[in-house]
Amino acid sequence: MLAADDDKVAVKESVVEEKGAVVEKNKKNKYRRDKPWDHEGIDHWKYESFAKEDNPSGLLEESSFATLFPQYRENYLKQVWPDVKQVLTPFEIKAELNLVEGSMTVRTTRKTWDPYAIIRARDLIKLLARSVPLPQAKKIMDDNMFCDIIKTGGLVRNKEKFVKRRQRLVGPNGSTLKAIELLTQCYVLVQGQTVVAMGTHKGLKQVRRIVEDCFHNIHPVYHVKE
């Protein structure tokens, strides 16, 4: 008899719990409405194009960014600087090269129509300072192209280990680096204590993971095999 009573009590409790869960669920969804503009078929990473007609009046404030460059880049930058200005002209952005201070500056003008163009121009001079050649660096001005400069200097304390792991990332004759580029669909350049990557958001995320794991003693080939 006692066992039967216990079973009845347990059944009642489970029914009450289920009812409570249903009521709570109904309360939670009480004010939820279907969103016809937001469904699974939408690509949330899609980059909407921005034309000059979208902002005919230009920008109200002027913005500028500057970055220093190493001395060994001076001759190359002097040669390509007219081309850099030409790349930025369609966006109405001014570029200055200061050889005395060793710096590059980009700034908006009254005619600049794309508010995000100055951020792309800032990335352009950063890439040029990190030894990325201009034909590759100027692609950052395109839509759906982003960059990530990964600082690797602080990941390994021992200098010998750092050099070995950096070489491991490049691989024999650059084969590992080429495999990473094919895997992530990104441009990757190892330079000094930084790794520069250019590509889509998804690819850049993969590159950062591979690079950081490599300097934490996980061989890049494991990511390539995945």
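**Exercise 1. Helix 5 against helix 6**

Task: State which residues of helix 5 meet which residues of helix 6, and sort the contact by residue class.

Solution.
- Step 1. From helix 5, take R168, L169 and V170; they meet S175, T176, L177 and I180 in helix 6. The model is a predicted one.
- Step 2. Sort by class. This contact has four nonpolar, two polar and one charged residues.
- Step 3. Add the geometry. The axes of helix 5 and helix 6 (residues 175-184) are 5 Å apart, and the packing angle is about 55 degrees.
- Step 4. Name the arrangement. Helix 5 and helix 6 are therefore oblique to each other.

**Exercise 2. Helix 5 against helix 7**

Task: Describe how helix 5 packs on helix 7, giving angle and axis distance, then handedness.

Solution.
- Step 1. Recall the descriptors. Two packed helices are described by the angle between their axes and the distance between the axes.
- Step 2. Read both off. Helix 5 (residues 159-170) packs on helix 7 at about 140 degrees, with the axes 9 Å apart.
- Step 3. Classify. Only angles over 145 degrees count as roughly antiparallel, so this angle makes helix 5 oblique to helix 7.
- Step 4. Give the hand. The crossing of helix 5 past helix 7 is right-handed.
- Step 5. List the contact. F162, R165, R166, R168 and L169 come from helix 5; V211, C214 and F215 come from helix 7. By class there are five nonpolar, no polar and three charged residues.

**Exercise 3. The sheet**

Task: Give the strand order of the open sheet, and explain why strand 4 and strand 5 each have one side without a neighbour.

Solution.
- Step 1. Write the order. Three strands run 4-6-5, with antiparallel pairing.
- Step 2. Find the edges. Strand 4 (146-151) and strand 5 (187-191) stand there; each has a single partner strand, so one side of each lacks a neighbour in the sheet.
- Step 3. Add the turn. Neighbouring strands are turned by 15 degrees against each other on average, direction ignored.
- Step 4. Look at one pair. Strand 4 pairs with strand 6 (residues 194-199) over six bridges, in the antiparallel sense. One bridge joins I149 to V196 in strand 6.

**Exercise 4. Helices on the strands**

Task: Which strands does helix 3 lie across, and which does helix 7 lie across?

Solution.
- Step 1. Helix 3 (residues 117-129) lies across strand 4 and strand 6. Its angle to strand 4 is about 45 degrees.
- Step 2. Helix 7 (residues 201-215) lies across strand 4, strand 5 and strand 6. Helix 7 runs at about 10 degrees to strand 4.

How values were computed
Residues are numbered from 1 along each chain as its sequence is written. This is a predicted model: local features need pLDDT of at least 70, side-chain atom pairs count only at pLDDT 80 or more; totals for chains, interfaces and linings use all residues. Side-chain values use heavy atoms; hydrogens and water are left out. Two strands pair if DSSP finds at least two bridges between them. Helices (H or I, at least four residues) and strands (E, at least two) are DSSP runs, numbered from the N terminus. Axes are lines fitted to C-alpha atoms, for helices over the stretch in contact, and angles run from 0 to 180 degrees between N-to-C directions. Contact means heavy atoms within 4.5 Å. Angles under 35 degrees count as roughly parallel, over 145 as roughly antiparallel, 65 to 115 as roughly perpendicular and the rest as oblique. A crossing is left-handed if the near helix is turned anticlockwise from the far one by less than a right angle, and right-handed if clockwise. Ala, Val, Leu, Ile, Met, Phe, Trp, Tyr, Cys and Pro count as nonpolar, Asp, Glu, Lys and Arg as charged, and the others, Gly among them, as polar.
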